[in-house]
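Trainee: Could you take me on a close look at the nonpolar core of this model, and then show me how the rest of the chain is laid out around it? I would like one connected account that I can follow with the structure open beside me.

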Amino acid sequence: MAPKSDNTEAIVLNYVNEQNRPLNSQNVADSLQKYNLKKASIQKALDSLADSGKISFKEYGKQKIYLARQDQFNIPNNEELASMKEENAKLQEHLDQQKKAITEVEGEIKSLQSNLTLEQIHDKEAKLRKEVKEMEDKLVKLRGGVTLIRPEEKKAVEAMYSEKISLWRRRKRMFKDLWDAITENSPKDLKEFKEELGIEYDEDVGVNLQSVSELLQHGKKRARGQ
């Protein structure tokens with residue numbers, strides 16, 4: 001059921017005064033849809049309020065613009081405006097202080113939430129004690145000369161090491177054969193030719209195939225001796 005005309009005028013007048021800005025009938029109709037008011041009844045109410053002097057209006061061609069009467073509002077003078085600005089500055093400062101206090105409280109809450117409970121501390125302590133005990137046991141075994149690596153892991157590492165040594169030896173031999181063939185009748189000084197090509201021998205970089213090969217044999221003899 002649509003509101004009565006006098007009730008419609010009261011709703012429209014209240015809205016226009018609350019907004020206190022230029023409005024046309026479409027603005028008012030869109031904003032007052034919750035009251036189930038038709039645009040025609042809103043237009044009629046606006047015109048009636050304007051005719052009775054309760055609101056102001058101006059015409060721009062076919063467009064009518066409505067505005068709350070400004071003489072009904074208490075417009076502050078310069079002193080009152082200055083006082084209001086000062087009060088607003090104080091309120092803003094108070095608001096900033098409250099925001100800062102809230103931020104600090106939220107930080108404390110977050111910090112407390114990130115702390116461990118007593119039960120969690122006991123659990124973590126037990127876990128750490130267990131880890132320390134395990135490391136101490138390993139340390140005792142290592143000091144006693146016990147090898148902690150599993151036999152299958154040791155065998156796999158030795159096989160890979162042996163394969164790399166064989167590959168190194170084979171490539172070293174291939175290079176020597178190729179180098180001898182290239183330099184057999186070369187008039188160049190071999191040392192200068194090698195430096196010109198940027199070639200480095202094992203000895204140039206401080207490694208020795210024989211010494212590295214013996215490491216594997218030494219490890220095997222040491223394992224049999226234990």
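Mentor: Happy to. Let's begin with the largest nonpolar core, which has 17 residues. The residues with the most contacts inside this core are Val12, Val16, Val28, Leu32, Ile42, Leu46 and Ile55. Helix H1 (5-19), helix H2 (25-31), helix H3 (39-51) and strand E2 (63-68) each bring at least two residues to this core. Of these elements, H3 gives the most, with five residues. Please keep in mind that you are looking at a predicted model.

A good residue to click on is Leu46. If you set aside its neighbours within four places in sequence, Leu46 is in contact with Val12, Val16, Ser25, Val28, Ile55 and Tyr66. Val12, Val16, Val28 and Ile55 also appear among the core residues with the most contacts.

While you are in this region, find Thr8, which sits in helix H1. With a relative accessible area of 4%, Thr8 is buried.

Now move to Asp47. Its side chain forms a salt bridge with Lys64, and the closest N and O atoms are 3.4 Å apart. Asp47 belongs to helix H3 and Lys64 to strand E2, so this pair ties together parts that are 17 residues apart in sequence. H3 and E2 are both elements that supply residues to the core. Neither partner of the bridge is buried: Asp47 is partly exposed at 22% relative accessibility, and Lys64 is partly exposed at 29%.

Two loops in this part of the chain deserve a look at the backbone. Asn20, in the loop between H1 and H2, has a phi near 50°, a positive value in a residue other than glycine. Asn20 is partly exposed, with a relative accessible area of 32%. In the loop between H2 and H3 you will find Asn36, another residue that is not a glycine yet has a positive phi, here about 60°. Asn36 counts as exposed, at 59% relative accessibility.

Next, zoom out to the whole chain. The domain assignment gives domain 1 (4-68), domain 2 (75-113) and domain 3 (151-217). Between the C-alpha centres of domain 1 and domain 3 there are 99 Å. You can see this with a single pair of residues as well: Thr8 and Glu192 are 184 residues apart in sequence, and their C-alpha atoms are 108 Å apart in space.

Along the way from domain 1 to domain 3, stop at helix H4 (residues 78-114), where Glu86 and Lys90 are four residues apart and therefore separated by about one helical turn. Their side chains meet in a salt bridge, at 3.8 Å from N to O. Glu86 is partly exposed at 49% relative accessibility, and Lys90 is also partly exposed at 49%.

A little further along, look for a nonpolar patch on the surface. Leu116, Leu118 and Ile121 make this patch, which covers about 290 Å². Ile121 is found in helix H5 (residues 118-143) and is partly exposed, with a relative accessible area of 40%.

Finally, go to domain 3 (151-217) and pick out Lys172 and Asp202, whose side chains meet in a salt bridge of 3.1 Å, N to O. Lys172 lies in helix H6 (residues 151-183), while Asp202 lies in the loop between helix H7 (190-197) and helix H8 (209-225), so the pair ties together parts that are 30 residues apart in sequence. The two partners differ in cover: Lys172 is partly exposed, with a relative accessible area of 35%, whereas Asp202 is buried, at 16%. A search of the whole structure finds eight salt bridges, and this pair is one of them.

One last stop is Leu215, in helix H8. Leu215 is exposed, with a relative accessible area of 55%. The C-alpha atoms of Leu215 and Tyr161 are separated by 9.9 Å, although the two residues are 54 places apart along the chain.

Terms used:
Residues numbered from 1 in each chain as written. Predicted model: local features only at pLDDT ≥ 70, side-chain atom pairs only at ≥ 80, totals over all residues. Heavy atoms only, no water. Patch = residues over 30% accessible without salt bridge, like charges linked within 9 Å, V, L, I, M, F, W, Y side chains within 5 Å. Areas by Shrake-Rupley, 256 points an atom, 1.4 Å probe, with all protein chains shown as cover. Salt bridge = Lys/Arg side-chain N within 4 Å of Asp/Glu carboxyl O. Buried < 20%, exposed > 50% of the residue type's maximum accessible area, 1.4 Å probe, protein only. Domains from an automatic or database assignment. Core = buried A, V, L, I, M, F, W, Y, C linked by side-chain atoms within 4.5 Å. Contact = heavy atoms within 4.5 Å.
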